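Trainee: I would like a close look at one loop residue and what surrounds it. After that, please take me through the rest of the chain.

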Amino acid sequence: MNRPAPTVSDPMARLTRVKSSLSAPEARRIALAAQGFGRPRPSTAAGTRQLNGALARMATLQIDSVNVFARSHYMPLFSRVGAYDTAALDRLLFAKRSPYVEYWAHVAAFIPAEDWGLFDFRMQAMRAKYGGAPGGWFDTNREIVDWVRAELADRGPLRPAQIEHDAKKAARGPWWDWDVVKHALEHLWLFGEVAIAGRRGFERRYALAEQVIPHHVLDAPVPRDEAIRELVRRAARAYGIATAADIADYWRIADRKAVTSALDDLVDAGELHPVAVEGWTTAGRPAKAWLHAQTVIPRRIDAAAILTPFDPVVWFRDRAERLFDFEYRIEIYTPAPQRRFGYYSLPVLVGDDIVGRVDLKADRAGSALLVQSAWWEHGRPAEAASRLADELRLAAAWQGLERISVSRWGDATDDLAHVMPDAARHDAGPAQPVALASDEPEVEAPDLGGDELAS
């Protein structure tokens, strides 16, 4: 039976032939659809099925400790499925036999436990770099490392406070303190010997990997070339359309030749197609890009969302600038008088574009969502203020905050106040914007010297 052709009313149309070039708006819509923004949010609070679906489309969920408005790993789900019970996500991620586990994937992130073996090449590279050097930290502290292993084998999983208490009781010497124990745990985690067995609040529970990871996964590490090919495949699917730099950054793979080889293999297999995208350049020349064979080119995207800085849509700043002409830096580490947009400004998505940014703070004591600053980007649609106001109301309700207050800092604040007559006003931020910080600090592997990951 012949399948009817997509009609103009269809929100998405699958590729009926391979395109060799794409317009910039097409690329934006493809990228957003691949990340789940091409579908309507659930009409009721999202449950486990919707949360798992959003996690599957992203393939990983970055962890960050900043909690000014909401912890970062809660935000990508809120952006995609709307207000949901964060306790449901906690149960999914932190349960005793959770299908998810933490590892250094993009950076510290949640991944499916079944994917642990895909990162064996990274674990081995970490061990070679940090665990094998004669006279290095790991070599000179083998006694504490062996003690930590034994503690976890006998009593794991354990919270840090439990390990710290026992370390103090051991009293093996002045160097035997919590910083040393934590250093040992972080080494063993990055080497793949230790895994995170959920969290209590936001406090990790450490265990030997065999106590957390299914045995059939531990017994089947994926060879390096095969693992990189699979990770490239997943990044390409999660992005829809991407450059080699985009795909390498998705998993922070430093070996660009391995990424290029994997891309070539996937093109030969018909899973990816080389394309040119309008306006995408590298060193003044058209940038090479790849389109996933199963991608869709939506006729339109009608999304509205507030994004975390660690959302895959914007986490690679070069890609955010290429897709949305959106120059973005986190200003947490910038001295307050020098901040241009605010402490923790969050990108605002309306339609198929980033149209602004808002710096949000949850005042728990006062039960208020504080809009510390709000700024427009170029080309915002006429309904941008009302769409953002709806998202702010939803965000406040999601966080259990009873009221909203809008500051007077930023060129979008008066527009927001106009469409939110019930919102209070307050003063916040520098009197005048200043130049954007040249760059933001890179996230480094924890406590191990800060070098780029060997991948």
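Mentor: Start with Thr 308, which sits in the loop between β14 (303-306) and α14. This is a predicted model, so read every value as computed from it. Thr 308 is buried, because its relative accessible area is 1%, under the 20% cut-off. Its side chain makes a polar contact with the side chain of Ser 72, at 2.8 Å. Leaving out residues up to four places away in sequence, Thr 308 touches Ser 72, Met 75, Pro 76, Val 314, Tyr 344, Leu 346 and Pro 347.

Now follow α14 itself. This helix spans 317-324. The structure holds 1 cavity of 30 Å³ or more. The largest cavity has a volume of about 40 Å³. Two elements give two or more residues to its lining: α1 (24-34) and α14. The largest share, 3 residues, comes from α14. The full lining is Ala 31, Leu 32, Gln 35, Tyr 239, Pro 312, Val 313, Arg 319, Leu 323 and Phe 324. By class, that lining has 7 nonpolar, 1 polar and 1 charged residues.

Met 75 and Pro 76, both touched by Thr 308, lead on to another helix. Helix α3 covers 75-81, and it is among the elements that cover the buried residues of α2. In α2 (residues 48-58), the buried residues include Leu 51, Ala 54, Leu 55 and Met 58. Seen down the axis of α2, its buried residues fall within an arc of 100 degrees, so they line one face of the helix. Arg 49 and Ala 56 are exposed on the other side of α2. Besides α3, the cover over the buried residues includes β3 (61-62), α4 (86-94), β4 (100-104), α11 (224-239) and α12 (244-250).

Look next at what follows α2. Ala 59 lies in the loop between α2 and β3. Its phi is positive, about 75 degrees, although Ala 59 is not a glycine. Most residues other than glycine have a negative phi, and most peptide bonds are trans. Ala 59 counts as buried because its relative accessibility is 14%. Ala 283 also has a positive phi, of about 55 degrees, and is not a glycine. Ala 283 is found in the loop between β10 (281-282) and β11 (285-286). Ala 283 is exposed, because its relative accessible area is 68%.

The backbone has a cis peptide bond to check as well. The bond from Gly 156 to Pro 157 is cis, with omega near -5 degrees. Pro 157 is in the loop between α7 (142-155) and α8 (160-170).

One more loop residue deserves a visit. Gly 410 lies between β18 (403-407) and α16 (413-419). Gly 410 counts as buried because its relative accessibility is 17%. Apart from neighbours within four places in sequence, Gly 410 is in contact with Ala 374 and Trp 375. Its C-alpha atom is separated by 9.9 Å from that of Asp 359, and these two residues are 51 apart along the chain.

Finally, step back to the whole chain. The secondary structure comes to 16 helices and 19 strands. Of the 455 residues, 54% are buried. Among contacts between residues at least 6 apart in sequence, 65% join residues at least 24 apart.

Methods. Residues numbered from 1 in each chain as written. Predicted model: local features only at pLDDT ≥ 70, side-chain atom pairs only at ≥ 80, totals over all residues. Heavy atoms only, no water. Helix = DSSP H or I, 4+ residues; strand = E, 2+ residues; numbered from the N terminus. Buried < 20%, exposed > 50% of the residue type's maximum accessible area, 1.4 Å probe, protein only. Contact = heavy atoms within 4.5 Å. 1 Å grid on protein atoms, 1.4 Å probe; cavity = no way out; pocket = protein on both sides within 12 Å on 5 of 7 lines; lining within 4 Å. Points joined across faces, edges and corners; volume = space filled by probe spheres on them. Nonpolar A, V, L, I, M, F, W, Y, C, P; charged D, E, K, R; others polar. Arc of directions from axis to C-beta. Polar contact = N/O pair within 3.5 Å; in protein donor to acceptor, adjacent residues only side chain to side chain.
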